[in-house]
Amino acid sequence: MQMTDSLRKFIRDHAADDVSTLVLKASRYKSIDLPFAVKQIAARRRVKDKLPLWAVNDRLIFPSVLAAEQCSSEQTALYKQRLVDSEDVIFDLTGGLGVDSYFLSRKARTVVYVERDAEYCETAVYNMKQLEAHNVHVLNSDAVDLFVGNTALTAKEKPTLADVEQANVFYIDPARRGAGDRRLFAMKDCEPDLTKIWPLLREKHAKIIVKLSPMLDISRVLLQLPEVTAVHIVSVKNDCKELLAVAGDRDSSNEMKLHDALILPATLSEGNDDTGKSDVKIYCVNFTSSGEEQSFDFGYDEEKTAVVSYAEATGRYLYEPNASILKAGAYKTISSRYGLKKLHVNSHLYTSDTCTPFFAGRIFEVKNVYKFDNRLCRELSARIPQANLSVRNFPLSVDELRKRTRITDGGDVYLFATTLADRNKVLIDCRKMDAMM
């Protein structure tokens, strides 16, 4: 399917229309392939914010709405460029919409997009031409079949099976949707099954980059995927989006190129005793709404040996680590690295009397600390009628606490309901500060 001038105009003109209503008006638009146009409108809505470069290019085609939903965001795809080098030959084994293939191609010498769906492959050939990504080649194949020699080829410049032997990087993002559009998380349930394809990939002695569900436990990943040397946890606006596992990096110094001069120096890191992965590096990155990049990295053993001190009382400043750090479980490392005291072993909130700049998370100035009891619930809304509520290691949910206190949502007041080291339940009244000062 080609994106003709009339189709592009129709899609632009009806971009804000209700697609269900639009389908019912098919008789009005006999010269337009309406099902195709509606699919494009719906898909573009899915990528408007997360993939702006593609969203504004009205020549691009989206093979399905699902492909638009599941694709990497522009920000996370750009982050993956840091994991490859300019002379790399990369095989993207799960091509999909082609977002990762495209952005990797802006850094690498060659990218081979591999996809078993013929329609997706045809779309990728067309889109890469529109994007002038001439170093992306398309291969219509199942990722597993590619390694056993059963494959069909597409595109004008056809890769050959011999090219697989030239690859020095394999990228794979298993599909995490099952029957009935059910979300999948376990590696063995996704397609392809990473636990089966992993030995085939390791035989190639290449670097492997795997995109996994952010719901997965890191220690479990390291047990199921031996030889992983680095894990990257990428969040956008404090929402954990991607967990990237990297194996077979022959140039370990490449991992140290990922951060800018503002990053605190890293040593070694966290882990469970049963993983045996003392050399694994964990990289935690969060892109804030203002465009700031918060970064923190540590080695897998450091968390086990880090010494944490607990606060006897809440200091002048309160610190909340970003989503990537919390996902990584760097609960003690963040305390020892920044010289902060922890409020409670399970609260994952930190405090100090002097402000610590460049913290990888949110910093708040503490105004008051209230002991939580029934009297406080009855009276607090008179002093704080509106606030942003958060709970950490607290017996009530945000909704329950809001109902008990009758405090409405919003404003510039932040209330943290938590438990202190002495087991007292408190509400901490704060104001947000800039993390970098």
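Q: Before we look at any sheet, when do two strands count as paired?
A: Two strands pair if DSSP finds at least two bridges between them. In this predicted model, strand β1 (residues 89-92) is joined to strand β2 (residues 110-115) by four bridges, and the two run parallel. For a concrete spot, look at I90, which sits opposite V111 in β2.

Q: How does the chain get from β1 to β2, and what is the handedness of that crossover?
A: Follow the chain out of β1, through helix α7 (residues 99-105), and on into β2. That β-α-β crossover is right-handed.

Q: Which other strand pairs with β1, and in which sense, parallel or antiparallel?
A: Strand β4 (residues 169-172) pairs with β1 over three bridges, in the parallel sense. Pick out F91 there: its bridge partner in β4 is F170.

Q: Which way do the side chains of β1 point, and are they buried or exposed?
A: The general idea first: side chains in a regular strand alternate between the two faces of the sheet. In β1, V89 and F91 go one way while I90 and D92 go the other. All four of these residues are buried, D92 included.

Q: Let's try a helix residue. Where is T333, and is it buried or exposed?
A: T333 belongs to helix α15 (residues 333-338). Its relative accessibility is 0%, so T333 counts as buried; the cut-off for that label is under 20%.

Q: Which residues does T333 touch, leaving aside those up to four places away in sequence?
A: The contacts are F296, F298, E302, E303 and A306. Two of those names come back when you turn to the rings: F296 and F298 form one aromatic cluster with Y319, Y338 and F359.

Q: How many aromatic pairs does the structure hold?
A: There are eleven aromatic pairs. One of them is F364 with F416, with 5.0 Å centre to centre and 70° between the planes. Planes over 60 degrees apart count as edge-to-face, and that is how this pair is classed.

Q: Where do F364 and F416 sit in the chain?
A: F364 is in strand β13 (residues 361-371) and F416 is in strand β15 (residues 408-419). They are 52 residues apart, and the pair links distant parts of the chain.

Q: Are those two rings' residues buried or exposed?
A: F364 is buried, because its relative accessible area is 0%. F416 is buried too, with a relative accessible area of 0%.

Q: What about the cysteines: how many disulfides does a search of the whole structure find?
A: In general, a disulfide is a covalent bond between the sulfur atoms of two cysteines. Here the search finds zero. As for accessibility, C121 counts as buried at 1%, and C377 is buried with a relative accessible area of 3%.

Q: Last one, on backbone angles: which residue in the loop between β14 and α17 has a positive phi?
A: Most residues other than glycine have a negative phi, so a positive value is worth a look. N393 has a phi near 55°, and its loop lies between β14 (386-392) and α17 (398-405). N393 is partly exposed, given its relative accessible area of 29%.

Q: And what is phi for R423?
A: R423 has a phi near 75°, again a positive value in a residue other than glycine. You'll find R423 in the loop between β15 and β16 (425-433). At 67% relative accessibility, R423 counts as exposed, since the cut-off is over 50%.

Note on methods: Residues numbered from 1 in each chain as written. Predicted model: local features only at pLDDT ≥ 70, side-chain atom pairs only at ≥ 80, totals over all residues. Heavy atoms only, no water. Buried < 20%, exposed > 50% of the residue type's maximum accessible area, 1.4 Å probe, protein only. Right-handed = clockwise from strand over helix to strand, strands pointing away. Contact = heavy atoms within 4.5 Å. Phe/Tyr/Trp six-rings, centres within 6.5 Å; stacked < 30°, edge-to-face > 60°. Disulfide = S-S within 2.5 Å.
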